[in-house]
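Me: Got a minute to walk me through this one? I have the sequence and the structure open.

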Amino acid sequence: MEKLESLQKEDLQEPKMYKVVLLNDDVTTMDFVIEVLMRVFFHSFEKASELMMQIHYEGSGVCGIYTQEIALSKHKKVQIMAMEAHFPLQSRVEEE
């Protein structure tokens with residue numbers, strides 16, 4: 001039993017975390033970025049507005065930090081929303 005417990009302790013590791021980053025562009029509207037931040041990343045209007053301004057002035061902003069699978073899913077949702085709205089909004093996933 002002790003051997004099993006020690007094996008379980010050794011095998012368990014925290015998953016790597018990944019940042020989802022939105023990138024600024026000159027076409028996508030600020031209102032659309034706020035909508036994405038609220039619908040995909042579940043930020044409040046106030047937090048989404050603050051983050052949108054950071055993206056606008058600094059060129060990018062971290063929307064959230066997730067496990068790889070969730071980060072990639074959110075990245076894909078951003079791509080789909082942008083494509084459907086005919087905006088060139090880009091996001092990327094970076095290891096934390």
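Reply: Sure. One term up front: helices and strands here are DSSP runs, at least four residues for a helix and at least two for a strand, numbered from the N terminus. Also, this is a predicted model.

Me: Fine. What pattern does the protein chain follow along the sequence?

Reply: The order is α-β-α-α-β-α-β. That gives four helices and three strands.

Me: How much of the chain is buried?

Reply: Of the 96 residues, 32% are buried. The chain exposes about 6,700 Å². Carbon and sulfur atoms supply 54% of that area.

Me: And the contacts, what share join residues at least 24 apart?

Reply: Counting contacts between residues at least 6 apart in sequence, 72% join residues at least 24 apart.

Me: OK, the inside. How many residues are in the largest nonpolar core?

Reply: It has 21 residues. Those with the most contacts inside it are Leu22, Val33, Val36, Leu37, Phe41, Val78 and Leu89.

Me: Which elements give two or more residues to this core?

Reply: Strand S1 (17–23), helix H2 (30–39), helix H3 (45–58), S2 and helix H4 (68–85). The largest share, five residues, comes from H2.

Me: Stay on H2. Which of its residues are buried?

Reply: Phe32, Val33, Ile34, Val36 and Leu37. The cover over the buried residues of H2 includes S1, H3, S2 and H4.

Me: Pick Leu37. What is it in contact with, leaving aside neighbours within four places?

Reply: Leu22, Phe42, His43, Ala48, Leu51, Met52 and Cys63.

Me: Any charged pair in H2? Which residues meet in a salt bridge there?

Reply: Arg39 and Glu35, at 2.8 Å, N to O. Both lie in helix H2, four residues apart, about one turn of the helix. An α-helix has 3.6 residues a turn, so residues three or four places apart point the same way.

Me: Are those two buried or exposed?

Reply: Arg39 is exposed, with a relative accessible area of 52%. Glu35 is partly exposed, at 33%.

Me: How many salt bridges does the structure hold?

Reply: Four. One of them joins the side chains of Glu95 and Lys16, at 3.9 Å, N to O.

Me: Where do Glu95 and Lys16 sit?

Reply: Glu95 lies in strand S3, and Lys16 in the loop between helix H1 (2–11) and S1. They are 79 residues apart in sequence, so the pair ties together distant stretches of sequence.

Me: Why is Lys16 called exposed and Glu95 partly exposed?

Reply: Lys16 counts as exposed because its relative accessibility is 54%, and the cut-off for exposed is over 50%. Glu95 has 47%, so it falls in the partly exposed range between 20% and 50%.

Me: What does Lys19 meet in a salt bridge?

Reply: Glu94, at 3.6 Å, N to O. Lys19 is in strand S1 and Glu94 in strand S3, 75 residues apart. Glu94 counts as partly exposed, at 24% relative accessibility. There is a network too: Lys19, Arg92 and Glu94 are linked by salt bridges.

Me: Back to strand S3. Where does it run, and is Ser91 buried or exposed?

Reply: S3 covers residues 90–95, and Ser91 lies in it. Ser91 is buried because its relative accessible area is 8%, and buried means under 20%.

Me: A buried serine. Which side chain does Ser91 join in a polar contact?

Reply: His75, at 2.6 Å. Leaving aside its neighbours within four places in sequence, Ser91 is in contact with Val21, Leu22, His75 and Val78. Leu22 and Val78 are also on the list of residues with the most contacts inside the largest nonpolar core.

Me: Now the surface. Which residues form a nonpolar patch there?

Reply: Met17, Val62 and Ile65. Together they have about 220 Å² of accessible area. Ile65 is found in strand S2 (residues 60–67). Ile65 is partly exposed, with a relative accessible area of 41%.

Me: Last one, Ser73. Where is it, and how far is its C-alpha from that of Val40?

Reply: Ser73 lies in helix H4. Its C-alpha atom is separated from that of Val40 by 9.6 Å, and the two residues are 33 apart along the chain. Ser73 counts as partly exposed, at 33% relative accessibility.

Conventions
Residues are numbered from 1 along each chain as its sequence is written. This is a predicted model: local features need pLDDT of at least 70, side-chain atom pairs count only at pLDDT 80 or more; totals for chains, interfaces and linings use all residues. Side-chain values use heavy atoms; hydrogens and water are left out. Buried means under 20% relative accessible area, exposed over 50%, partly exposed in between (1.4 Å probe, protein chains only). A polar contact is a pair of N or O atoms within 3.5 Å; within protein, one must be able to donate a hydrogen and the other to accept it, and residues adjacent in sequence count only if both atoms are side-chain atoms. Contact means heavy atoms within 4.5 Å. Accessible areas come from the Shrake-Rupley method with a 1.4 Å probe; for residues, only the protein chains shown count as cover. Patches are made of residues with over 30% relative accessible area and no salt bridge: like charges are joined within 9 Å, nonpolar side chains (Val, Leu, Ile, Met, Phe, Trp, Tyr) within 5 Å. A nonpolar core is a set of buried Ala, Val, Leu, Ile, Met, Phe, Trp, Tyr and Cys residues joined through side-chain atoms within 4.5 Å.
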